[in-house]
Amino acid sequence: MQKNNKEEISQQAINNALWRACDTFRGKIDSSVYKDYILVMLFVKYLSDTYKENLQHYHQKYGGNEARIQRALKRERFILQDNCTFDHLYNHRNESNIGEIINKALEQIEEDNKTKLKGVFRGIDFNDEGVLGRPKERNSMLKSLLEDFNVPELDLRPTRLGNMDVIGNAYEYLIAQFASDAGKKGGEFFTPSEVSELIARIVKPQENDRIYDPTAGSGSLLIRTAKQVPNRKVAVYGQERNGGTHAMCVMNMFLHGIDDARIEWGDTISNPLLLENNHLMKFQVVVANPPFSLDKWAMGFAGEGANEKGFKMDASLDPYRRFEWGVPPASKGDYAFVLHMLASMAENGSRMGVVLPHGVLFRGAAEGRIRKQIIEHNLLDAVIGLPEQLFYGTGIPAIIMVFRKNRQRKDVLFIDASTEGNYEKGRRQNKLREEDIRKIVDAYENYENIDKYAYVASQEEIRENEYNLNIPRYVDTFEEEEPVDMEAVKENINKIKAELNEVEGKMEKYLKELGL
């Protein structure tokens, strides 16, 4: 199909129109709830406008021959029946059962496209009285929502969008806005784009790699990583525990043109679903931003009816033998995810980048024993300290740990990118700029000492530090104050005293003249 560049719409115009559409719900429903309604409607609108344009194209191509038109439509990325289109929903916006009509359309879309969109509308109910209110209020809200999406700025036909990234970017724009609104909860489903970009550049995926995220969230980190390969010839895998977030991820993949992504729904630690021959599937690239210090991470191993307080995790309970180096503390699941990711890495040259809290670098007991094994098996390649307030809902600074299988070198690179000048300060949230990302990536690739920024530590140094990986032990960012010239200070004091005497003399003279 020919593109008409004159009709192309800007990313900003789409983003603004979508954010305005949220006004329908603001003040009535919390954004953590209404985000699903907005994102689903955007998805349906995109499918519908794409279908409409394809139909028009095939009508012209086959001169109205219905049989050939239908055959051609079935070869497209998705199937959409007329009663599932946005236009059909919009035309019925005044019906008293509009919520039910939307629900039926979503069920049909999922049924007709189950290989790609299975479970994508799980948990979303446009007829939910508990969320959307009584029929009168609910119908009014849904009518307004449909009208919000029936504007020129949200005409999402492919020829108007120009390329697939526009709709994918719009979806991610909304997710980022909702994550910002949600605060701490937002961090559970979205990794800031610049952090995703940094990890993606560090792990450097190659053509034909398998890329995996065990805590996929909305899929933004996976998508950024896959985008590093220009022809996108990679296989994308993920798993996500939260049902609503899993659905968000599947839609996000589809809107970015990644139709063959395999995103599983379930608890990655107690029930990993990406398996081959009853063993964990192996990947060339593994990336993740797991929940920080997840409490009760092992409860999935306890079995039904188990007493939560009395349960104690043991390495023998894991059929995949991921915890033989140590069982992480019950209240801090960081190393549970790290050990799972390490077990999921392919043997030859695989790379892994994971966002973690600073505590994993120095906490003792089981975590200290796990760190020792990681160092002695020569798996850790780099530790990168990030600025504070980069992530939604937490002001604490985080780190990225980079791992490689079959490393040739035995040193570990420490980078401290947390200091002033290495990021852009924001009112609510700080941000890594392009030059900051490039500086970190260059330091990682050059793998050499940089004063007050990067340090290459030997295994022996790390052993001497008892496997404590706290960045200040290796990167000295202390700025010495300039020495004070006491003679100059003394001279300055004398000068001030002389000036003060002169002023006091003048004051005394003026007071005498005034007779005071």
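**Sheet and cores in a predicted model**

Q: Which residue in S3 stands opposite Gln239?
A: This is a predicted model, with local features needing pLDDT of at least 70, side-chain atom pairs counting only at pLDDT 80 or more, and totals for chains, interfaces and linings using all residues. Residues are numbered from 1 along each chain as its sequence is written, and side-chain values use heavy atoms, leaving out hydrogens and water. Strand S2 (residues 235–240) and S3 pair in the parallel sense over four bridges, where two strands pair if DSSP finds at least two bridges between them. Opposite Gln239 stands Glu264.

Q: Why is one side of S3 and of S11 left without a neighbour in the sheet?
A: Strands here are DSSP runs (E, at least two residues), and helices are runs of H or I with at least four, numbered from the N terminus. Nine strands form an open sheet in the order S3-S2-S1-S6-S7-S9-S8-S10-S11. One side of each is free because S3 (262–265) and S11 (454–457) stand at the edges, each with a single partner strand.

Q: What angle does the direction of helix H14 make with that of S7?
A: Axes are lines fitted to C-alpha atoms, for helices over the stretch in contact (heavy atoms within 4.5 Å), and angles run from 0 to 180 degrees between N-to-C directions. Helix H14 (residues 334–343) packs on the sheet, touching S1, S6, S7 and S9. With S7, its direction makes about 175°.

Q: Which strand's direction makes about 160° with that of helix H16?
A: Helix H16 (residues 434–446) also packs on the sheet. H16 touches S8, S9 and S10. The strand at about 160° is S10.
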